[in-house]
Amino acid sequence: MKLSSSEKFPLKFCCHRWLENVPCAERAMEIWADICKYVSKVDSGALPKVACKSYCIIAQAAKDKLITVKLNFFLSVAKMLQPFLVLYQSDKPLVPFLAGDLFTLVKNMLEHFKVLKHDKCKSIDSISSLGSFDFTDVANFNCIDKVSIGLIGDELLKKKRAKKKASDKDVLDLKRDCQRFILRMLQTLMEKCPISYSIVRNASCFDLNKMAFHPMRCLKSLKNILSYLVDKSWIPSKDGDEISLQFKEFLDKVVKCSFSDFKTFDHKEQRLDTFLYKYFSVDKEKYRKLWDIVKMILILSHDQAAVERGFSLIKALEVENLKENSYIDQRMIIETIKEAGDVLDVPITKEMRISVQCVWQ
């Protein structure tokens, strides 16, 4: 602080918590000049020597002439991932949108960083083709000089090249590493995510926008789901045709009559279960078996959303010296308020009043 007059410090970095990496990378770039100044003073002997592991890592990074380019690339990747990660920390039923959102995310990354050949990237035109694509096949890789590392990263590289601060080899090596990183990340994503399961891919039949614009595709996807459920003996085979007919009737009568509501539905802002229940509850008996299938799909968990959301919630509550019981109590308070809907909607019971009175005794 005395050296640079800066009052900002690095933020904690967690390699497997991508949701927190954007502010961490932004802060690193913001104070990087001050960090380099500090390292320089230590190396020159103007400041006491530091031998801890953290400092050694920083000192080594400070000598990297392309470190700012790497930080900008990392930030660019993190910012593209963040909206998806934030959305799927929700406890809302989102499985019908998972495959589509994942497809959009991957396509955006491929087109933005240009890590694949143009024709190979273009061949990924559906969720099924994405699931079967091999991101490890070198034949699919784009030429290194055509790879982008983000708008800012590319501009920084041009400037460093022009000022002779980076050789052509340095630039190509960096782009090669970035290309491998993106493709390895996407390959891991495909291996870990449930998009390989037929029921997840076909769950998009309950995506309200698709129900409005592509009803026949939705009907086909529902039939695939029913076939899967029959094979697993989760529903009797005799119910398959009846459920298909109920869904077709729902698409023809309900969706068409409320077309504007279905086409403007935004799963980032609205709850799918609440929206659908409003229409199914009008005639429960008529669509009873179809509604059972809808509920079966909507209760599917989208990965570790509850756990990840808990991490973010604790991060927001985090205060120095806060004990474990205090964290638990605050989490319970927040969950109770969420269940009630609002702070003012929490019922003040007799037991609660007695409990509060006893605290002060």
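Two residues are in contact when they have heavy atoms within 4.5 Å of each other. Keep that in mind as you explore this predicted model. In the protein, among contacts with a separation of 6 or more, 65% join residues 24 or more positions apart.

**The whole protein**

Start with everything shown as a cartoon. You will find 18 helices and zero strands. Of the 361 residues, 38% are buried. If you switch on the surface, the protein exposes about 22,200 Å², and carbon and sulfur atoms supply 56% of that area.

**Stop 1: Val22**

Select Val22, which sits in helix α1 (residues 21-44). Is Val22 buried or exposed? Its relative accessible area is 5%, and buried means under 20%, so Val22 is buried. Now add Ala78 to your selection. Val22 and Ala78 are 56 residues apart along the chain, yet their C-alpha atoms are separated by 5.8 Å. Beyond the neighbours within four places in sequence, Val22 is in contact with Leu75, Ala78, Lys79 and Gln82.

**Stop 2: two lysines with positive phi**

Next, select Lys114, in the loop between α4 (95-113) and α5 (118-123). Lys114 is not a glycine, but has a positive phi of about 55 degrees. With a relative accessible area of 44%, Lys114 is partly exposed.

Then jump to Lys164, in the loop between α7 (151-162) and α8 (168-192). Lys164 also has a positive phi, of about 60 degrees, although it is not a glycine. Here the relative accessibility is 74%, and over 50% counts as exposed, so Lys164 is exposed.

**Stop 3: Asp207**

Move along to Asp207, which you will find in the loop between α9 (198-202) and α10 (208-213). Asp207 is buried but has no salt bridge. Which side chain of opposite charge is nearest to Asp207? That is Lys210, 4.7 Å away. A salt bridge needs the side-chain nitrogen within 4 Å of a carboxyl oxygen, so the Lys210 distance does not qualify. Setting aside neighbours within four places in sequence, Asp207 is in contact with Pro96 and Phe97.

**Stop 4: aromatic rings**

Show the side chains of the aromatic residues. How many aromatic pairs does the structure hold? There are 19. One to pick out is Phe206 with Phe247: their ring centres are 5.8 Å apart and their planes are at 75 degrees, so the pair is edge-to-face. Phe206 is in the loop between α9 and α10, while Phe247 is in helix α12 (residues 240-257), so this pair ties together parts that are 41 residues apart in sequence. Both Phe206 and Phe247 are buried.

Now select Phe275 and Tyr279. The centres of their rings lie 5.2 Å apart with planes at 45 degrees, so this pair is tilted. Phe275 and Tyr279 are four residues apart in helix α14 (residues 272-280), which means about one helical turn separates them. Both are buried.

Keep Phe275 and Tyr279 selected and add Phe97, Phe250, Phe262, Phe265, Tyr277, Phe280, Tyr287 and Trp291: ring pairs link these residues into a cluster.

**Stop 5: a patch on the surface**

Finish on the outside by selecting Ile348, Met352 and Val356. Together these residues form a nonpolar patch on the surface, with about 260 Å² of accessible area. Where does Ile348 lie? Look in the loop between α17 (324-340) and α18 (350-359).

How values were computed
Residues numbered from 1 in each chain as written. Predicted model: local features only at pLDDT ≥ 70, side-chain atom pairs only at ≥ 80, totals over all residues. Heavy atoms only, no water. Patch = residues over 30% accessible without salt bridge, like charges linked within 9 Å, V, L, I, M, F, W, Y side chains within 5 Å. Areas by Shrake-Rupley, 256 points an atom, 1.4 Å probe, with all protein chains shown as cover. Buried < 20%, exposed > 50% of the residue type's maximum accessible area, 1.4 Å probe, protein only. Lys, Arg positive; Asp, Glu negative; His and termini not counted. Phe/Tyr/Trp six-rings, centres within 6.5 Å; stacked < 30°, edge-to-face > 60°.
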